[in-house]
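Reader: I have a new structure open on my screen and would enjoy a guided look at it. Could you walk me through some of its contacts?

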Amino acid sequence: MPPPITGFALITGQMIERIARHSDVKVVNVSPPAAGGSLWKHLHKAKQVLKGCWCVLRNRHPQKILYIGCEGDWGLLYTILVVAIASLRSYRILLHHHSFSYIDRRFRLMQLILWIGRAHTEHIFLCETMQSRFSDRYGKLAAARIISNAAFVPPSSNKIARSSSGPLRIGLLSNLTREKGLHTFLELIAQARSCHPEIVGVLAGPMAANEDIARVEIAKKELGTSLEYLGPLFGKAKEDFYNDIDLFVFPTEYANEAQPTVLFEAQAAGNRIVSFNRGCISDQLREHGIAPHSIISL
């Protein structure tokens, strides 16, 4: 659950909100705190996961359901613990997948989750590609369904047509990190500007790492008015961002990338998109953008 605001946390929050309209829900938030070192964050997360396990054990309702967003990489250890206890208590388990890290390569931890929860688990995938590749990797599943993140992105009806006489405005909105394409985006704007000085790059979203903050500060000095940084955006300010750009570029190299909500938001605003093809991105874009399979070094 947010904060911090990530696509995973945002969709989990939206799912819980919808489930709560029809059921009594007990929420245990396992998001790490925004402040503090790595050790403190892991201790906090472990504490919350144990709290969740205790709630699972204590629940006496005859129709017991556990909804859990599946972690990626070594975070699967937390998922294993909760799934194991829920299986012992005969819960119906809804396991929502948000990562391709254990799909791109086989994870024994995921195999263990499938074995432990085999009789109780229904899998929720984000796209057909995700479900198909998961089945190829781990075998056919008894119960699975697809719920796209598009279900949680409202359509936009107020796209403002920009004048064709103005400079081309290229945007990136995300948690701004190297993995999410920040450095590649800055290199793109610098190279494009050498051929077309009128091009403007527009950045939006939070930055946490000193390396990324320093990189943007250097780029602002080098590019001048060709680069704008708007900071974190919410509500109408986010809508204005999408309305004010011509092209949304998302050069993500994030290992856990699955189905970025920012791409659906950009589509809802009528933007064309260029992105690297990771996870479900090619399914998202279809004819509305470009998603090369190989990562191009700029």
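Author: Gladly! One definition before we start: helices are DSSP runs of H or I with at least four residues, numbered from the N terminus. Please keep in mind that this is a predicted model.

Reader: Thanks! Which helix does Leu39 lie in?

Author: The helix to look for spans residues 38-58. Leu39 falls within that run, and the helix is α2.

Reader: Is Leu39 buried or exposed?

Author: Exposed means over 50% relative accessible area. Leu39 has 63% relative accessibility, so Leu39 counts as exposed.

Reader: How much accessible area do Leu39, Trp40 and Leu43 have together?

Author: These three residues form a nonpolar patch on the surface. Their accessible area together is about 370 Å².

Reader: Let's turn to charges. How many residues apart are Arg105 and Asp73, the pair that links distant parts of the chain?

Author: The structure holds 13 salt bridges. In one of them, the side chains of Arg105 and Asp73 meet at 4.0 Å, N to O. Arg105 sits in the loop between α4 (101-104) and α5 (108-116), while Asp73 sits in the loop between β1 (65-70) and α3 (76-88), which puts the two 32 residues apart.

Reader: Is Glu122 buried or exposed?

Author: Glu122 meets Arg145 in a salt bridge, 2.6 Å from N to O. Arg145 lies in strand β4 (residues 144-146) and Glu122 in strand β3 (residues 121-125), so this pair ties together parts 23 residues apart in sequence. Arg145, at 42% relative accessibility, counts as partly exposed. Because its relative accessible area is 12%, Glu122 is buried.

Reader: Why does the pair of Glu265 and Lys238 tie together separate parts of the sequence, and how many residues apart are they?

Author: Glu265 forms a salt bridge with Lys238, with the closest N and O atoms 3.3 Å apart. Glu265 belongs to helix α10 (residues 261-268) and Lys238 to helix α9 (residues 235-243), so the parts tied together are apart in sequence by 27 residues.

Reader: Which residues are joined into one network by salt bridges that share partners?

Author: Glu122 and Arg145, which meet in a salt bridge, are both members. Shared partners join them into one network with a further residue, so the full set is Arg92, Glu122 and Arg145.Reader: Last one: which residue's backbone oxygen lies 2.8 Å from a polar atom of the side chain of Ser275?

Author: Ser275 has its place in strand β9 (residues 272-275). With a relative accessible area of 2%, Ser275 is buried. The backbone oxygen that lies 2.8 Å from a polar atom of its side chain belongs to Phe250.

Notes. Residues numbered from 1 in each chain as written. Predicted model: local features only at pLDDT ≥ 70, side-chain atom pairs only at ≥ 80, totals over all residues. Heavy atoms only, no water. Patch = residues over 30% accessible without salt bridge, like charges linked within 9 Å, V, L, I, M, F, W, Y side chains within 5 Å. Areas by Shrake-Rupley, 256 points an atom, 1.4 Å probe, with all protein chains shown as cover. Buried < 20%, exposed > 50% of the residue type's maximum accessible area, 1.4 Å probe, protein only. Polar contact = N/O pair within 3.5 Å; in protein donor to acceptor, adjacent residues only side chain to side chain.
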